[in-house]
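Reader: I'm new to reading protein models, and I'd like to go through one step by step. Could you show it to me first?

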There are 2 protein chains.
Amino acid sequence: MTTIRVNRQWLLARRPVGSVRPDDFEYHEGQIPSPGAGDVLVRSLYFGYDASQRIWLTEDGGYMPSIQIGEPMRSMGIGQVVESGNPDYAAGDLVEGFMSWQDYVIMRTDGPMPLRKLPKADYPLSWNLGVFGVGGLTAYFGVSDGLRIKPGDTVVVSAATGATGSLAGGIAKALGAGKVIGIAGGPEKCRWIKEKAGYDEAIDYLNDDLAERLRELCPDGVNAYFDNVGGDMLDTLLLHMAPRGRVLICGAMSSGYTDVKLQGPSNYMRICTHMLTVQGILLFFYRDRLEEGAAQMARWISEGKLHVEENVFEGFEKAPELLPTVFGGKNPGKLLLKVADPS
Amino acid sequence: MTTIRVNRQWLLARRPVGSVRPDDFEYHEGQIPSPGAGDVLVRSLYFGYDASQRIWLTEDGGYMPSIQIGEPMRSMGIGQVVESGNPDYAAGDLVEGFMSWQDYVIMRTDGPMPLRKLPKADYPLSWNLGVFGVGGLTAYFGVSDGLRIKPGDTVVVSAATGATGSLAGGIAKALGAGKVIGIAGGPEKCRWIKEKAGYDEAIDYLNDDLAERLRELCPDGVNAYFDNVGGDMLDTLLLHMAPRGRVLICGAMSSGYTDVKLQGPSNYMRICTHMLTVQGILLFFYRDRLEEGAAQMARWISEGKLHVEENVFEGFEKAPELLPTVFGGKNPGKLLLKVADPS
């Protein structure tokens, strides 16, 4: 006798062209699958939102397999093990990893980024998707390892209210940066990054002249630039880097991550004439050091050096409508959807 | 009583638009100046040709002051001190540094890249502009410091017959690279880089499908790419870099270094997804290590690990007509003009 429970799902209905839209997904009610040997059945509790989800929706998929029409939308998530065919996981365990927009999901526990068992902790469960998840740890390794901050450095971070950018400034300060400047859209966000996220200065890219403000705030040039945006912003920053400056390529939000050819930085010969180092970051490459990163972030949080901001919505039905807001939502911090409480 | 001797000069007549042309310069006969305190008067012996001379001809000038209309064209050169107002230099000394297209030139001996006194040596004087000059030392520091070759690395070098590229492959081999692949235009140049310049493989970008050849020759991706070309070639290479690969930005020959906006690499997000490191090289930043570099290159030459190729013309009158051939001349190696013998 099997109790038939419903497994709510949001499936990809069509491949988005340009910006992703809520109606690119369709609601479906499926059955709850049973885990095979080695697998675990997980109930979804939180879905995290990342701009890279838009990349997974392209034909190419970027660094992950492309999501196919009819498949549930992939996302990072937090869940709870319901049934386990793997001795390393037990029913009740809280886990984090690549999930998808459905109530119940079968997870493989091998692969390069396996399901992570969450430690018992005195911080909110959702932090495992934010400050201790991809966005937060990308900020940590991007700033510490990619930008190699030196004491006194002038550091600029774009998309400074985002899940990554809202932490990158504080991390740079904690590592000894002199002046940390965030770029954000609108006076409200600019106020927020200075008041809450540890930035010394803010540039409002919607209302300020970026080049003029950079000249004003960084008379000796920018030593380290954490780029989440690409496009014209990256091009302008390249013209303001100090000799031997470092640029971290973390994202290209300005592109919207569609299938359209990216705008390459036409001022890239500054890399040559100013002997810049441009480094990429993909957390996958730090998979053996994730705990080290989380531990350091936890220390900084407890010391009051890092501010954690979340932007949490509730209700499975909201999954598709939140996705477009990753590209320019109103609220700072990590965007999350809570779909259930742990049992 | 002063003997009036003629100082032949090639002056910039008009700022080139697009490709530089011989008639962008005009012939002039001036007087020979007298050195002030601290200065030396140098007689020109060799002029070196570099693609970066085209950059100095733009309004902006790039990393050097722009050459103004009516000024003699700047070039790297070898000369002999005729008269010295500086105790560190004596008449007869052979020197190398930033000179210009005239028989006699007053050189300041301070500044960030001062006139370099040439050691007595058993190699040709002209090598001081080639393998021991900007092109050669840029290849040395670009490969050793910028690309950080590891044993077994698969290395690709573009413009592999050029002053820098013709040495970069041999340097990578000497540092332990596994397979060294040069990109050059036409079967003759491709044969040359394999027979003379130490390359294991050659890709003829005029006749081969670059992407197909890269897949064939580098099944596990390219670990290190020495980019002299930019444009579509850089974009294609970015798609074939191995994870954690290194790219050295040395030049963008494909642009012709005109005032036109450069084509930025639209595949640059590979820097992020493959955690590439992109590093620039400008020899200026290695000014304290030039002798170290030259000494290592000399060792490799004496061990038969590096092949030195020069493409020497003679006669002051040829100075302007050779400049356009920097962008696609027929002969490999360092392009030089000999204008006089040392006394």
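**Two chains, one sheet**

Author: Sure. Keep in mind that this is a predicted model. Let's start where strand β13 of chain A, residues 277–280, is joined to β13(B) by three bridges, with the two strands running antiparallel.

Reader: In β13(B), which residue is the bridge partner of A:V278?
Author: The two β13 strands run antiparallel and share three bridges. Look along β13(B) for the residue bridged to A:V278, and you land on B:V278.

Reader: Which strands stand at the edges of the sheet?
Author: The open sheet has twelve strands, with mixed pairing, in the order β10(A)-β9(A)-β8(A)-β11(A)-β12(A)-β13(A)-β13(B)-β12(B)-β11(B)-β8(B)-β9(B)-β10(B). An edge strand has a single partner strand, so one of its sides is left without a neighbour in the sheet. The strands that fit are β10 (201–204) of chain A and β10 (201–204) of chain B.

Reader: By how many degrees are neighbouring strands of this sheet turned against each other on average?
Author: Here you ignore the direction of the strands and take the average over neighbours in the sheet. That turn comes to 15 degrees.

Reader: And which residue of β10(A) does A:I181 stand opposite?
Author: Strand β9 of chain A, residues 179–184, pairs with β10(A) in the parallel sense over four bridges. Opposite A:I181 in β10(A) you'll find A:E201.

Reader: What kind of axis relates the two copies?
Author: Chain B can be laid on chain A by a turn of 180 degrees and a shift of 0.0 Å along the axis, with an RMSD of 0.0 Å. In chain B, the C-alpha nearest that axis belongs to B:G264, 2.0 Å from it. The copies are thus related as by a two-fold rotation axis.

Reader: Which element gives the most to the side of chain B that touches chain A?
Author: The contact takes 26 residues from each chain, chain B and chain A. On the chain B side, α7 (270–273) and β13 (277–280) each supply at least two residues. With four residues, the one that gives the most is β13(B).

Reader: How many residues on that side of chain B are nonpolar, polar and charged?
Author: Both copies use the same surface, as 100% of the contact residues of chain B recur in chain A. Sorted by kind, the residues on the chain B side are 16 nonpolar, nine polar and one charged.

Reader: Why do the buried residues of α6(B) lie on the same side of the helix?
Author: Helix α6 of chain B (residues 231–238) has B:M233, B:L234, B:L237 and B:L238 buried. An α-helix has 3.6 residues a turn, so residues three or four places apart point the same way. The buried residues of α6(B) pack against several elements of chain B, including β8, β9 and α7. They sit on the same side because they cover an arc of only 135 degrees.

Reader: Is A:M275 buried or exposed?
Author: A:M275 lies in the loop between α7 (270–273) and β13 of chain A, and its phi is positive, near 45 degrees, though it is not a glycine. The cut-off for burial is 20 or more other C-beta atoms within 10 Å. A:M275 has 21 such neighbours, so it counts as buried.

Reader: How does A:R148 count, with 15 C-beta neighbours inside 10 Å?
Author: A:R148 also isn't a glycine and has a positive phi, about 40 degrees. You'll find A:R148 in the loop between α2 (134–146) and β8 (154–157) of chain A. Its 15 neighbours mean that A:R148 counts as partly exposed.

Technical notes. Residues are numbered from 1 along each chain as its sequence is written. Chains are lettered from A and ligands numbered from 1 in the order in which they are written. This is a predicted model: local features need pLDDT of at least 70, side-chain atom pairs count only at pLDDT 80 or more; totals for chains, interfaces and linings use all residues. Two residues are in contact if their C-beta atoms, placed from the backbone, lie within 7 Å. Ala, Val, Leu, Ile, Met, Phe, Trp, Tyr, Cys and Pro count as nonpolar, Asp, Glu, Lys and Arg as charged, and the others, Gly among them, as polar. Two strands pair if DSSP finds at least two bridges between them. A residue is buried if 20 or more other C-beta atoms lie within 10 Å of its own, exposed if 12 or fewer, and partly exposed in between; C-beta atoms are placed from the backbone. The arc is that of the directions from the helix axis to the C-beta atoms. Axes are lines fitted to C-alpha atoms, for helices over the stretch in contact, and angles run from 0 to 180 degrees between N-to-C directions. Copies are superposed by least squares on the C-alpha atoms of residues with pLDDT of at least 70 in both.
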